Amino acid sequence: MIYMDNAATTKPSLTAFERAREYVTEYFFNPSGMYREGFALQGELKKARSALLAPVANETAFELIFTSCGTEADNQAIFSFARRGNAVTTEGEHSAVLASFAELKNRGYAEPRFAPLNADGSVNVEKLLALVDEKTSFVSVMHVNNEIGAINDINAIAKLVKQKNPRVIFHSDGVQAYGKIPFKLCKEVDLYSVSAHKIGGLKGVGALIKRKSLVLPAYLIGGGQETGRRSGTENVFGIKQFEYAAEEKFATLQADYERLKAYRETLWEGLDKDVYTRLSSETGTPYILSVAASGLRGEILLHMADDKGLIVGTGSACSSNSKNRYSKVVLACGHDEKTADGVLRISFSPQTTAEEVAQAIGILNEIGRDLSRRMK
Ligand code: PLP
């Protein structure tokens with residue numbers, strides 16, 4: 001089986017799993033325990049916090065709060081700070097942000113505003129800035145788009161937003177960027193969401209990185225863990241496995257980036273251009289190649305690929321409900337419904353091999369040509 005749906009989730013790192021195993025078998029204590037063993041686990045959590053933060057942010061200016069997933073980190077940022085006036089985001093966001101922005105309106109917190117995308121899936125910065133005014137309380141711009149793979153220069157955008165309104169709290173969803181593309185957060189980014197399972201960690205572990213001087217209200221209220229900002233007994237095993245998986249990713253990040261970029265181009269070059277058109281731009285993340293088989297259904301191609309041992313994703317919401325049938329993000333890039341219906345998202349991990357890329361080309365061409373013939 002060839003797995004190329006790594007933007008959905010990655011295979012957990014077994015090395016990281018083995019290293020963290022002792023936090024299940026031996027050191028299972030409650031980190032809030034008053035005894036020595038609990039205290040030692042607090043030390044382990046502190047080490048994890050620092051190891052996960054240091055590669056992407058200055059530790060004197062930023063801190064990290066563990067959450068149960070990327071969605072929770074996004075929700076905590078949005079519902080804590082988009083509380084007045086208006087809040088601005090992009091049409092390219094993951095539903096963790098898009099649906100939360102829609103909810104802002106239902107709750108009467110803030111008026112949600114959505115900035116349009118460029119053809120490559122990045123946000124149109126000029127139009128985003130035009131939506132920011134003196135009443136804007138919160139702006140959220142994703143770092144790497146999960147469907148098309150476009151990269152937004154969030155540091156530059158955060159600076160421009162703050163030039164326009166210095167009181168804005170700026171958040172970025174970094175779930176598809178963290179551990180994959182090189183960057184360091186600048187001081188204008190107040191909040192940044194990450195998730196373990198996109199980089200060899202486990203599902204159910206995430207974190208919200210925040211500027212230290214920003215006062216974050218409690219999101220889950222209870223025992224006061226995470227310095228009172230996110231109560232709930234910590235998932236020590238999941239957090240340590242995340243720490244070790246991230247350590248592996250950051251150690252080879254640049255080399256993986258270059259290799260996967262070459263694989264992405266090889267895959268695209270090998271695809272039959274009579275069947276597929278390219279949606280992801282060359283400047284996007286090397287981890288994602290989105291293509292469209294216009295006139296064919298991506299969902300059917302996905303199942304045909306699965307039958308041949310290749311697992312890929314689709315850009316569409318995969319819903320028979322016509323309202324949700326097409327990916328909003330693909331339409332927001334200016335593509336028509338026919339194109340949006342035929343999207344396949346091929347996403348890599350550092351484990352992807354050249355051999356798998358070659359086999360994927362063969363399978364995708366075979367099923368694409370086969371379905372085209374049948375549609376005639
Ligand atoms: N944001 C982006 C860009 C994502 O791709 C995802 C997952 O697909 C999420 C948020 C949600 O992360 P999690 O699955 O950890 O809740």
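1. Seven strands build an open sheet, and their pairing is mixed. The strand order is E2-E8-E7-E6-E5-E3-E4. Strand E2 (62-67) and strand E4 (111-115) are the edge strands, each pairing on one side only. From one strand to the next, the twist averages 20°. Please keep in mind that this is a predicted model.

2. Look next at the E4 edge. Strand E3 (residues 86-90) pairs with E4 in the parallel sense, over five bridges. Thr-90 has Ala-115 in E4 as its bridge partner.

3. Two helices that pack on the sheet deserve a look. H4 touches E2, strand E5 (136-140), strand E6 (169-173), strand E7 (191-195) and strand E8 (206-211). The direction of H4 makes about 160° with that of E7. Helix H7 (residues 154-164) also packs on the sheet, where H7 touches E5, E6 and E7. The direction of H7 makes about 160° with that of E6.

4. H4 also has a helix partner. The axes of helix H4 (residues 70-81) and helix H5 (residues 95-106) come within 9 Å, crossing at roughly 30°. Angles under 35 degrees count as roughly parallel, so H4 is roughly parallel to H5. The crossing of H4 past H5 is right-handed.

5. Which residues in H4 meet H5? Thr-71, Asp-74, Asn-75, Ile-78 and Phe-79 do. On the H5 side are Ala-96, Val-97, Ser-100, Phe-101, Glu-103 and Leu-104. By class, the residues of this H4 contact with H5 are six nonpolar, three polar and two charged.

6. A second helix pair involves helix H3 (residues 36-53) and helix H8 (residues 236-251). Their axes come within 9 Å and cross at roughly 35°. H3 passes H8 in a left-handed crossing.

7. H3 brings Leu-41, Glu-44, Leu-45, Lys-47, Ala-48, Ala-51 and Leu-52 to the contact. H8 brings Val-236, Ile-239, Lys-240, Phe-242, Glu-243 and Ala-246. The contact of H3 with H8 has nine nonpolar and four charged residues, with no polar ones.

8. Finally, the domains. The domain assignment of the protein chain gives domain 1 (2-9 + 253-375) and domain 2 (14-250). How many residues of domain 1 are in contact with domain 2? There are 26, and they meet 26 residues of domain 2. The C-alpha centres of domain 1 and domain 2 lie 27 Å apart.

Methods. Residues numbered from 1 in each chain as written. Predicted model: local features only at pLDDT ≥ 70, side-chain atom pairs only at ≥ 80, totals over all residues. Heavy atoms only, no water. Axes fitted to C-alpha atoms, helices over the stretch in contact; angles between N-to-C directions. Helix = DSSP H or I, 4+ residues; strand = E, 2+ residues; numbered from the N terminus. Parallel < 35°, antiparallel > 145°, perpendicular 65-115°, else oblique. Left-handed = near helix turned anticlockwise from the far one by under 90°. Contact = heavy atoms within 4.5 Å. Nonpolar A, V, L, I, M, F, W, Y, C, P; charged D, E, K, R; others polar. Pairing = 2+ DSSP bridges. Domains from an automatic or database assignment.
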